[in-house]
Amino acid sequence: MTANVGTIDRIFRAVLGLVLLWFAFFSGLPLAETSVWKYGAAIVGVVMLIVAVVRVCPIYSIFGLKTCA
């Protein structure tokens, strides 16, 4: 697979992934106590971190987008 995620995009995805995981497990907010929001945020957060690490976004591949040089 060809890398299609640039550096700024990777940083944004990594930060967003960490924020979503924090929200899901450590925030203590009432919204994060419901199962749908908790596990939904956790799944999206993990996906964001994986995409940031491997530098390949499947949605970008489908639409032919690239944010890297």
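This passage walks through the fold, the second helix and a nonpolar surface patch of a predicted model. Local features need pLDDT of at least 70 and side-chain atom pairs count only at pLDDT 80 or more, while totals for chains, interfaces and linings use all residues. Residues are numbered from 1 along each chain as its sequence is written, and side-chain values use heavy atoms, with hydrogens and water left out.

The protein has three helices and zero strands, where helices (H or I, at least four residues) and strands (E, at least two) are DSSP runs numbered from the N terminus. Its C-alpha atoms fill a box of roughly 40 × 20 × 15 Å along the principal axes. Of its 69 residues, 32% count as buried (under 20% relative accessible area; exposed is over 50%, partly exposed in between; 1.4 Å probe, protein chains only).

Helix 2 comes out as long as it should: its 20 residues should span 28 Å at 1.5 Å a residue, and its end C-alpha atoms are 28 Å apart (the expected span is 1.5 Å times one less than the number of residues). Its buried residues are Ala-41, Ala-42, Gly-45, Met-48, Val-51 and Ala-52. Just after helix 2, Arg-55 takes a positive phi of about 65°.

On the outside, Trp-22, Phe-25, Phe-26, Tyr-39, Ile-43 and Val-47 make a nonpolar patch of about 710 Å². Such patches take residues with over 30% relative accessible area and no salt bridge, joining nonpolar side chains (Val, Leu, Ile, Met, Phe, Trp, Tyr) within 5 Å and like charges within 9 Å; areas come from the Shrake-Rupley method with a 1.4 Å probe, and for residues only the protein chains shown count as cover. A salt bridge puts a side-chain nitrogen of Lys or Arg within 4 Å of a carboxyl oxygen of Asp or Glu. Helix 1 (7–25) and helix 2 (35–54) each give two or more residues, with helix 2 giving the most, three. Phe-25, in helix 1, counts as partly exposed because its relative accessibility is 45%.
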